[in-house]
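Here is a short note for your review. Please read it with the model open.

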Amino acid sequence: QKHNLVLMVAGMALAGAAMAAEDKLMSQAQGLFKPIPQEPPELEGNPSSPAKVELGKMLYFEPRLSKSHTISCNSCHQVGLGGTDMLETSVGHGWQMGRRNSPTVLNAVFNTAQFWDGRAEDLAEQAGGPLVNPVEMAITHEHAVEMIKGIPGYQAVFEEAFPKAEDPITIGNIQDVIALFEATLITPNAPFDQYLQGDADALTEQQKTGLELFVNKGCAACHSGVNLGGDQYQPFGVVEQPGADFLPREDKGRFEVTQSASDEYVYKVPSLRNIALTPPYFHSGKAWDLKQAVAVMGSAQLGAELNDEEVNSITAFLHSLTGEQPKVAYPILPPSTAETPQPQL
Ligand code: HEM
Ligand code: HEM
C-alpha cells in the first residue's frame, strides 16, 4: 500500500514537472511571438473604407495596369497560391525572368520593410514599384493613370472611394487602395496562433518539440514577432556562407540599397507565416524542400548541423504556421472601350 502511494506521488510529481515544462514552453512562445489579429490593421495616413478596399481589390487583379495587359499583381502574388507564384523567380513583361523569388503578400502588412532588400518603406510605396519595373509590369505611373482614366467604368468607383476628391484617379490613390486591399490579406487562426492564445492541444507533440528547438537553437532570434520575421535585416550566411546554388553571388542584397560593405548579402529576414504553402524558398528560390531550407538555415545562420529528427520536428512546427487563407471573391472589372489605350506585347 505504502509502496503504491510513493509511486503515485512520484508519478504525480513527474506529470507535474512535464506540465510545468509545457507551461514554460507556452509562456516562452508567448513572449517571443504574437498571434495574427482577426481584423486588418489600420495603415498610418491611409484610412480605409469598404469602397476603397473593393477598389484596391479591382486594381490588384487589373491586368491592364501592365504594358501587355496580361500581368496583374495577382500574377506573381496569387491569392490562391499562398500569395506567391511558386516559381524560382517571377516571370514578368515579355517573359523576362526577374532575379528574385516573389515573397508572399499574405500578412506583408506586418513586415516593417518591404522587398528582400527593404527598399520600400511600406505597402503603398511598394505598390508603385512593380508598375514601373521593366521586368514586371513595365509601364510608367503616368501611363497607369492614363490607363485607368481610359476605362470609363472606373470613374464612378474612384468617386465612391474618394468622395471628396476633385480628380480621384491619381497614382497616389491607386497605390493607397492597393495597400488597403493588401492589408486585408491576413491569415489568422493558424494552429500556432491557437497555441499562443492558450490552447496547448493546438500543436502536436512533434510540433512542440520543433517549437522548442526553434527557440533554443536560436531561430527565434531572427524569426520572431507576429510574422516570425519581416522586421530585421541579417546576412544570409551569418556563420557560414551558403554555396552559390542557394546564394548566387551577383545579387548582393541590401548592399544595393545602402552601398555599405557591411550590407553585402544582407536580406530582410522573411516571415515564416504560411511557409508550408510557399515553396520554393530563399530570395533565390533555389530550395524546393522546406526541410532543406531548415537545414541550410541551421548551418548558415547558426553554425548548427541539425540532425534529421531535429529538421523534421522544426519543419513540423513550421507547418503549424499555416493560417486561414483569405476568401477573396474575384472582382468583375469594367470593360475597355475603343478609346482605352491598347496593349503592347
Ligand atoms: C515583392 C506587392 C506586382 C514580383 C513584393 C512585395 C509586395 C508586393 C508587398 C514585398 C513583400 C515582402 O517584401 O515581404 C505587389 C503588388 C503588385 C505586385 C501590390 C502590383 C502592383 C508584382 C508582379 C511581379 C512581382 C507583377 C512579377 C512580375 C515580385 C518580386 C518581389 C515582390 C520578385 C521581390 C522583389 C525584391 O525583393 O527585390 N510585391 N507586387 N510583383 N514582387 Fe510584387
Ligand atoms: C530564411 C527558417 C534561423 C535569417 C529562412 C527560410 C526559412 C527559415 C524556412 C526561408 C523563407 C522563405 O524563403 O520564405 C529558419 C530556421 C532557423 C532560422 C528553422 C533555425 C534553425 C535564422 C537566423 C537568422 C535567420 C538565426 C538570422 C541570423 C534568415 C534570413 C533569411 C531566412 C536573412 C533569408 C535568406 C535569403 O533568402 O536571402 N529562414 N531560420 N534565420 N532566415 Fe531563417
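The points below take up a metal site, a pocket and a histidine in turn.

1. First, the status of the coordinates. This is a predicted model, and the values that follow are computed from it.

2. The iron atom of ligand 2 has two protein donors, NE2 of His223 and SD of Met297. They lie 2.1 to 2.2 Å from the iron. Around this iron atom, 6 donor atoms subtend angles of 88 to 179 degrees, so the arrangement is octahedral.

3. Where do His223 and Met297 lie? His223 is in the loop between helix H9 (205-216) and strand E1 (233-235). Met297 belongs to helix H11 (residues 290-302). The pair therefore ties together parts that are 74 residues apart in sequence.

4. Check the exposure of these two donors. His223 has a relative accessible area of 9%, so this residue is buried. Met297 reaches 24% and therefore counts as partly exposed.

5. Next, the second largest pocket. Its volume is about 260 Å³. The lining comprises 16 residues; Leu43, Glu44, Val109, Asp122 and Leu123 are the closest to the pocket centre. Helix H4 (123-132) and helix H7 (171-182) each contribute at least two lining residues.

6. What is the make-up of that lining, in nonpolar, polar and charged residues? The lining of the second largest pocket has 7 nonpolar, 4 polar and 5 charged residues.

7. Finally, His143. This residue sits in helix H5 (residues 141-149). Its relative accessibility is 18%, under the 20% cut-off, so His143 counts as buried. The His143 side chain makes a polar contact with the side chain of Glu146, at 3.0 Å.

Technical notes
Residues numbered from 1 in each chain as written. Chains lettered and ligands numbered in written order. Predicted model: local features only at pLDDT ≥ 70, side-chain atom pairs only at ≥ 80, totals over all residues. Heavy atoms only, no water. Donors = N, O, S within 2.8 Å, 3.2 Å for Na, K, Ca; no water. Tetrahedral: all angles 85-135°; square planar, octahedral: opposite > 155°, others 65-115°. Helix = DSSP H or I, 4+ residues; strand = E, 2+ residues; numbered from the N terminus. Buried < 20%, exposed > 50% of the residue type's maximum accessible area, 1.4 Å probe, protein only. 1 Å grid on protein atoms, 1.4 Å probe; cavity = no way out; pocket = protein on both sides within 12 Å on 5 of 7 lines; lining within 4 Å. Points joined across faces, edges and corners; volume = space filled by probe spheres on them. Nonpolar A, V, L, I, M, F, W, Y, C, P; charged D, E, K, R; others polar. Polar contact = N/O pair within 3.5 Å; in protein donor to acceptor, adjacent residues only side chain to side chain.
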